[in-house]
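I opened the notebook today to go through the loops, then the helices, then the aromatic rings. The entries below follow that order.

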Amino acid sequence: MSRKLNVRRSAAVLMLASVLLVSTDVPSWNGQVFAAEGQSKPTSKSDSNSSLIVNDLGAYYQEVLDGWRAKGYKDGTQQITVQGADIKAQSDNKLAQAGAYEGKPNVLVWRSDKDNWIEYQVDVPEDGLYEMSMSYHPLKAQEGEITSKRAIVLSVQLDGSFPFREARSIAFHRKFKDEFPLKKDVNGDNIRPRPIELNEWMTESFEDTSSAYADPFQWYLGKGKHTLRLSGSEPVAIESIAIKPQTALLDYAQVSAKYPQGETKGNLQVIQAEEAAWKDDVAIGIDSVQEPFMTPKANGDIIFNSIGGTKWQNGGQTIGWTIEVPESGRYQIAGRTYQGFSSNMSVFRSITIDGKVPFKEMQNYAFPFSTYWKGTVLGDSKGKPYDFYLEKGKHTLTMTATIAPFQPVILLGEQAINKLRQVDEEIRALTGGNIDKDRTWKIEQDFPEILKQVEDAKEQLNKMAEAMLAANGRRDNSLQTIETAAIDLTDYLKYPDEITYHMADISSLIDRVSAIRETLIKSPLQLDQLYIVPSGSPLPKMEANLWQKMNGMIHNFFYSFIKKDDINQVDDGTLNVWVNRGRDYVNLLQELTDEMFTPETGIKVKVNLLPSENLLIYANAAGLSPDIALGQPQDKSIDFAMRNALLDLSSFPDFDKVAKDFAPGALLPFYYNKGYYALPETQSYKVLFYRKDILNRLNVKVPDTWNDVYDMLPTLQQNGYNFYLTPTDYLPFFYQNNADFYTKDGMKTALSTPEAIKGFKQWTDLFNIYDFEKSVPSFFQHFRQGDMPIGIADYNTYITLAAAAPELTGWWGIAPVPGVKQSDGIVSRWAAGGQTTGFIYKSSKHKEESWKYLKWLLSAEVQERYGSDLESFNGISFRWNTANIKAFTHLPWPKEDMNVILEQWKWYREQANLPGSYMLTRELNNAWNRTVVDGMNARESLEEAILNIDREMVRKEQEFGFVDGNGKVLHTLDLPQITKPWEGVNPYVTK
């Protein structure tokens with residue numbers, strides 16, 4: 001970067017700091033900006049003379065390996081075996097000890113329950129590159145513990161450091177098998193089977209968690225002693241770790257030349273793909289497909305006849321099948337496959353037999369895009385089938401989703417994005433973020449490094465396009481996006497002094513190129529049947545002909561008129577329950593109801609899938625409402641209650657006993673006219689997410705209060721980072737400053753108080769003065785990439801990080817939401833999150849029975865069972881965020897994270913729903929826009945909002961009979977007052 005640009009930047013920063021430090025309305029930054037100015041740029045910004053991607057996670061493995069090869073490092077030739085029990089050191093918790101486990105003596109039994117580590121000393125006889133593998137067994141849960149379904153993820157350090165970024169997260173999988181034969185419900189539809197963990201010793205190589213590389217990792221070890229540290233939070237038994245030379249793969253021509261000659265006799269073997277011997281992720285699901293050639297045929301029912309699809313798309317997910325051949329010989333492997341998920345994109349599978357890749361072509365075998373189910377024979381690019389030599393007896397065939405062919409594209413894309421981010425950052429520093437076409441720039445003369453970075457980015461994009469075409473084998477939308485981006489940069493370079501005018505275009509270009517990665521890391525493939533065919537025998541018919549397809553379409557058309565799930569047709573003595581969730585949720589709830597509720601109470605229940613929440617409105621108008629509605633938005637109940645459509649649940653004598661399992665602030669949205677009209681099923685939680693690695697490098701602490709946030713912002717922003725907050729998340733700033741949204745009687749807003757004005761100004765100042773981003777399309781992506789290493793987000797972000805960012809395992813954490821310190825020293829952390837609810841209709845003929853069912857469903861026992869089963873069937877992405885605090889503590893949350901959420905749960909508080917209250921959210925967002933975007937005075941903007949809200953509330957209060965035509969109050973709403981954190985959390989906090 002030129003000296004001129006640094007001078008201009010420093011001047012801009014000092015000017016901003018001066019304005020902030022003399023302001024009486026904004027907390028001081030305590031001079032940190034001056035200290036931060038001298039700090040180095042973040043390592044996430046690549047050096048302009050290097051294409052190596054180095055950020056807070058380190059360089060990618062491929063780049064490090066290329067560097068080792070360039071230095072002349074050779075493969076090692078000897079194997080070293082380290083016994084699992086022979087650890088030299090461990091973390092202070094001392095959770096690892098030698099012992100016997102599952103038939104093996106003297107292994108390491110490591111009952112890790114949080115970030116712990118163990119260390120081995122390895123004596124290497126010669127310099128070289130080595131692979132590593134581990135023999136391990138996931139530990140069974142002890143009494144009182146929750147059985148985990150997650151892979152065992154370990155961080156691997158050599159001699160105190162990570163050789164490459166992927167070493168921070170290496171997965172060692174579990175094995176599961178779906179429970180067969182499949183059960184059927186009352187309609188004859190299959191019920192999703194329960195996955196059963198196969199407890200056995202396994203051996204896996206140290207490989208990329210997302211299968212981004214074809215081979216296991218290689219590690220450079222010089223001759224002599226080395227320290228190998230493993231860190232993790234999942235309990236595991238370790239028998240041994242093998243450090244060995246790389247296994248070289250031969251190609252098909254070399255392997256097939258060694259096959260014994262002679263004819264192979266035998267019959268065609270057909271394997272139903274959905275009846276897999278095992279899978280390494282419970283999220284890999286089976287599915288029902290209404291295609292004419294499927295086996296078994298669905299015929300309009302839900303018959304699970306295939307496996308995979310979008311539930312088998314993440315790199316590293318593996319399915320295994322058992323095959324048995326009657327005699328030794330050469331066989332061909334075929335199957336019915338569907339790969340119509342990503343237009344014109346190939347997906348890849350690494351295929352092994354008995355744990356070994358038979359020949360090189362099976363490492364990244366491509367399944368091209370196709371819009372229909374097709375017969376696929378494993379063969380070469382010319383369509384000639386491969387022969388596989390199999391000895392007589394049983395064998396295991398596996399397919400692992402891999403993205404290895406696209407990894408070069410991903411690396412080149414990240415290099416280009418890093419360059420463009422530098423350009424974007426420097427243009428913003430020059431222009432102050434404002435495009436002024438009346439100002440003349442001499443970019444080529446004064447800031448040539450900007451043009452060099454654009455040129456470098458363009459070259460990286462061109463290479464990316466070449467790599468994309470080579471990997472995919474055909475043109476697709478991603479390739480078009482890359483080429484268009486390169487053309488745009490070429491156009492910008494034609495008029496270099498106008499490049500500042502393209503600031504918004506460059507930001508958009510970064511987003512478009514970044515989005516390509518999300519396409520490339522998904523590799524969905526669906527299977528119906530697999531075929532093992534003796535070489536030389538005819539292949540089975542695997543595709544429907546035109547007549548069969550037409551016949552299938554006609555049948556499916558008529559099946560669509562068969563209403564097995566008429567949501568309003570139930571027996572008079574049966575409870576009618578409508579659920580606004582997916583089919584898997586509904587089926588599981590019906591199964592649990594039939595298993596637990598009906599036998600105990602004698603009450604029959606029909607659980608129906610509600611396709612759209614709007615159907616409730618139409619059904620209510622038509623007098624066809626169910627007894628109970630579940631999975632509803634939290635404001636829906638009051639909409640119906642105002643219209644006298646719902647039952648007041650507080651009218652039941654045991655309501656208070658049931659309600660004590662929920663935070664008082666969670667019940668506030670369901671209160672209306674002295675009654676409660678719903679109870680929460682699920683509850684989302686706002687917490688502070690932070691990247692441990694980045695904050696540690698910047699030497700900043702996790703903030704406890706908003707003053708701490710102000711103090712850390714200069715360091716963040718001087719290093720190219722920022723803090724994330726959803727612009728519409730206004731609630732904490734009012735509640736934390738002891739303001740409320742409505743008066744105690746619930747008849748008008750309370751936003752005109754000094755506390756409310758203070759809260760509104762604090763909210764808008766974050767974007768006006770402290771330069772929070774006004775628009776962030778995906779906090780998850782920015783957090784993952786590292787350019788937004790801290791921010792406030794909800795439960796969905798937690799699940800997404802846990803499920804879709806394995807490379808960050810152990811490198812991010814959560815903390816309570818920053819708050820405002822009160823006069824008594826307590827930090828007020830009020831925040832909301834959103835809920836789904838259940839309520840009972842007033843028109844129900846079974847009110848008592850409905851209340852029994854709702855109580856049963858929301859009880860701790862049932863919520864725990866329901867949540868555990870959902871996650872067992874579908875993986876962590878289906879983690880059930882129950883609103884029942886007791887049930888929540890029995891679900892598989894890490895202890896540290898659970899305690900953070902429980903601390904925040906104390907401060908959970910939603911806003912009340914009142915007649916006309918929808919106008920409050922609308923007008924506060926309008927006020928934010930006037931203040932932040934248009935520059936209007938904060939107080940004036942808020943006063944305009946108050947006027948509009950109160951006007952609408954009076955209008956709705958007149959409509960519902962609380963105020964007469966002259967504005968006289970006839971009846972007040974009298975809201976519950978919540979001023980203290982919920983003490984009901986305290987018994988559940990673990991030490």
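**Loops and unusual backbone**

I started with P181, which I found in the loop between β11 (176–178) and β12 (195–197). The model I am reading is a predicted one, and in it the peptide bond leading from F180 into P181 is cis, with omega near 0°.

I then looked up P296, which sits in the loop between β19 (286–287) and β20 (306–309). The bond that joins T295 to P296 is a cis peptide bond, and I noted its omega as about -5°.

My next stop was E102, in the loop between β5 (96–101) and β6 (104–110). I marked this residue since its phi is positive, about 45°, although E102 is not a glycine.

**Helix α7 and its end**

I followed α7 through residues 448–472, a run of 25 residues, and noted that from its first C-alpha to its last it reaches 36 Å, close to the 36 Å expected at 1.5 Å a residue. After α7 comes G473, and I wrote down that the phi of G473 is positive, near 80°.

**The pair α8 and α9**

How do the axes of α8 and α9 cross, and within what distance do they come? I noted that the axes of α8 (residues 477–494) and α9 (residues 503–520) come within 10 Å and cross at roughly 155°. An angle over 145 degrees counts as roughly antiparallel, and therefore I entered α8 as roughly antiparallel to α9. I also recorded the crossing of α8 and α9 as left-handed.

For the contact itself I listed S478, T481, I482, A485, D488, L489 and Y492 on the α8 side, which meet D505, I506, L509, R512, V513, I516 and T519 on the α9 side. When I sorted the residues of this contact by character, they divided into eight nonpolar, three polar and three charged.

**Aromatic rings**

How many aromatic pairs does the structure hold? I noted 60 of them, and I took the pair of Y672 and F962 for a separate look, in which the ring centres are 6.0 Å apart and the planes stand at 80°, so the pair is edge-to-face. I then checked where the two residues sit: Y672 lies in strand β32 (residues 671–672), whereas F962 lies in the segment after α27 (938–959), so the pair ties together parts that are 290 residues apart in sequence.

Definitions and conventions
Residues are numbered from 1 along each chain as its sequence is written. This is a predicted model: local features need pLDDT of at least 70, side-chain atom pairs count only at pLDDT 80 or more; totals for chains, interfaces and linings use all residues. Side-chain values use heavy atoms; hydrogens and water are left out. Helices (H or I, at least four residues) and strands (E, at least two) are DSSP runs, numbered from the N terminus. The expected span of a helix is 1.5 Å times one less than its number of residues. Axes are lines fitted to C-alpha atoms, for helices over the stretch in contact, and angles run from 0 to 180 degrees between N-to-C directions. Angles under 35 degrees count as roughly parallel, over 145 as roughly antiparallel, 65 to 115 as roughly perpendicular and the rest as oblique. A crossing is left-handed if the near helix is turned anticlockwise from the far one by less than a right angle, and right-handed if clockwise. Contact means heavy atoms within 4.5 Å. Ala, Val, Leu, Ile, Met, Phe, Trp, Tyr, Cys and Pro count as nonpolar, Asp, Glu, Lys and Arg as charged, and the others, Gly among them, as polar. Rings of Phe, Tyr and Trp (its six-membered ring) pair if their centres lie within 6.5 Å; planes under 30 degrees apart count as stacked, over 60 as edge-to-face and the rest as tilted.
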